[in-house]
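Trainee: Could we go through this structure together, slowly, with one question at a time?

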Amino acid sequence: MGEIVVGISGASGAIYGKRLVEYLRSKDIPVRLVVTNAGEITLKHECDTTKEAIAEATGALLEDDRNIGAKSASGSANIDAVVLCPCSGTTLGKLGAGIGDNLITRSAIVALKERRKLILVPREAPYATVHLENMHKLSQWGAIVIPASPGFYNHPKTIDDMVDFVVARILDHIGLEHNVGTRWTGEEIP
Ligand SMILES: Cc1cc2nc3c(=O)[nH]c(=O)nc-3n(C[C@H](O)[C@H](O)[C@H](O)COP(=O)(O)O)c2cc1C
């Protein structure tokens with residue numbers, strides 16, 4: 001398996017990105033972690049942590065969002081998927097306009113041009129029409145849009161259960177076998 005780029009931008013829900021990195025690294029999957037300035041703020045505010053702490057705890061390779069020449073944005077690198085988790089409306093807007101002006105957006109644009117897997121995990125409520133239009137556009141261009149909206153049919157008991165619901169869908173779409181969350185069997189409703 002190649003590397004996975006995980007980008008944490010400044011939408012609420014930094015915990016999803018943190019959990020994704022922790023899970024991937026627990027399976028020894030190489031991760032390049034890129035966090036925007038706003039992502040650093042939400043990581044601190046919502047998870048009381050930093051990108052450096054996550055990288056140190058998990059062994060993820062931390063890249064600088066300002067370093068447009070980093071490997072995450074290389075078209076020739078062996079990168080299997082780029083996951084922006086969470087993906088802010090601002091980052092969605094840039095991608096919808098083809099703008100790759102920082103490492104996180106450039107990595108996503110490169111994923112589109114190289115036909116790599118691009119997974120976007122937006123969170124906003126309500127969505128503005130511009131957010132919906134950008135999601136529609138990006139979905140048509142091949143991105144997979146997984147909203148940060150956990151389901152309740154598996155009866156989550158904790159915040160971690162709800163986070164895992166979303167992370168499990170991301171892992172499915174990266175193409176990894178995993179045991180995160182609970183799968184619907186079809187026998188839950190008599
Ligand atoms: C505490 C906090 C929560 C935020 N939540 C959201 C959100 O849920 N969705 C969103 O699109 N933007 C949210 N924002 C705004 C983004 O951080 C802002 O648009 C920023 O420009 C995003 O930049 P980035 O895409 O480079 O990370 C939030 C900002 C803060 C400080």
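The questions and answers below concern a predicted model.

Trainee: In what order do the strands of the open sheet stand?
Mentor: The open sheet has 6 strands, and their pairing is parallel. Strand S3 (61–63) and strand S6 (144–145) stand at the edges, each with a single partner strand, so one side of each is left without a neighbour in the sheet. Read from one edge to the other, the order is S3-S2-S1-S4-S5-S6.

Trainee: Which residue of S3 is the bridge partner of Val-34?
Mentor: Strand S2, residues 31–35, runs parallel to S3, and the two are joined by 3 bridges. In S3, the partner that Val-34 meets through a bridge is Glu-63.

Trainee: Is strand S4 largely enclosed by the rest of the structure, or largely open?
Mentor: A residue counts as buried if 20 or more other C-beta atoms lie within 10 Å of its own. In strand S4, residues 79–87, this holds for 8 of the 9 residues, and the strand is therefore largely enclosed.

Trainee: Which residue in S4 stands opposite Val-6?
Mentor: Strand S1, residues 3–8, pairs with S4 in the parallel sense, over 5 bridges. Opposite Val-6, the residue that stands in S4 is Val-83.

Trainee: And which residue of S5 is the bridge partner of Cys-87?
Mentor: S4 and S5 also pair in the parallel sense, and 5 bridges link them. For Cys-87, the bridge partner in S5 is Pro-122.

Trainee: What is the form of the peptide bond from Cys-85 to Pro-86, and what is its omega?
Mentor: Pro-86 has its place in strand S4. The peptide bond that leads to Pro-86 from Cys-85 is cis, with omega near 0°.

Trainee: Which other peptide bond is cis, and what is the omega of the bond from Ala-125 to Pro-126?
Mentor: Here we look at the loop between S5 and H6, where Pro-126 lies. The bond from Ala-125 to Pro-126 is cis, and its omega is near -10°.

Trainee: Which helix gives the most residues to the shell around the ligand?
Mentor: The ligand is surrounded by 16 residues, of which the closest are Ser-9, Gly-10, Ala-11, Thr-36 and Ala-38. By class, this shell has 11 polar, 3 nonpolar and 2 charged residues. Helix H2 (37–47) and helix H4 (89–96) each supply at least two residues of the shell. The most, with 5 residues, come from H2.

Trainee: On how wide an arc around the axis do the buried residues of H2 lie?
Mentor: The buried residues of H2 are Gly-39, Thr-42 and Leu-43. They lie on the same side of H2, because the arc that they cover around the axis is only 105°. On the other side of H2, Asn-37 and His-45 are exposed. What covers the buried residues includes S1, S2, helix H1 (14–26) and helix H3 (51–58), and the arc asked for is 105°.

Trainee: Which residues are exposed on the face of H6 turned away from its buried side?
Mentor: Helix H6, residues 129–140, has 12 residues and reaches 16 Å from its first C-alpha to its last, close to the 16 Å expected at 1.5 Å a residue. Its buried residues are Asn-134, Met-135 and Leu-138, and they cover an arc of only 100° around the axis, which puts them on the same side of H6. What covers these buried residues includes H4, strand S5 (117–122) and S6. The face turned away from them carries the exposed residues Thr-129, His-136 and Gln-140.

Trainee: Is Asp-48 buried or exposed?
Mentor: Asp-48 has its place in the loop between H2 and H3, and its phi is near 50°, a positive value in a residue other than glycine. A residue counts as exposed if 12 or fewer other C-beta atoms lie within 10 Å of its own. Asp-48 has 8 C-beta neighbours inside 10 Å, and therefore counts as exposed.

Trainee: How far apart in space are Asn-78 and Gly-2, C-alpha to C-alpha?
Mentor: Asn-78 lies in the loop between S3 and S4, and it counts as exposed because it has 10 C-beta neighbours inside 10 Å. Leaving aside neighbours within four places in sequence, Asn-78 is in contact with Gly-2 and Glu-3. Although Asn-78 and Gly-2 are 76 residues apart in sequence, their C-alpha to C-alpha distance is 5.2 Å.

Terms used. Residues are numbered from 1 along each chain as its sequence is written. This is a predicted model: local features need pLDDT of at least 70, side-chain atom pairs count only at pLDDT 80 or more; totals for chains, interfaces and linings use all residues. A residue is near a molecule or strand if its C-beta atom, placed from the backbone, lies within 6 Å of it. Helices (H or I, at least four residues) and strands (E, at least two) are DSSP runs, numbered from the N terminus. Ala, Val, Leu, Ile, Met, Phe, Trp, Tyr, Cys and Pro count as nonpolar, Asp, Glu, Lys and Arg as charged, and the others, Gly among them, as polar. Two strands pair if DSSP finds at least two bridges between them. The expected span of a helix is 1.5 Å times one less than its number of residues. The arc is that of the directions from the helix axis to the C-beta atoms. Two residues are in contact if their C-beta atoms, placed from the backbone, lie within 7 Å.
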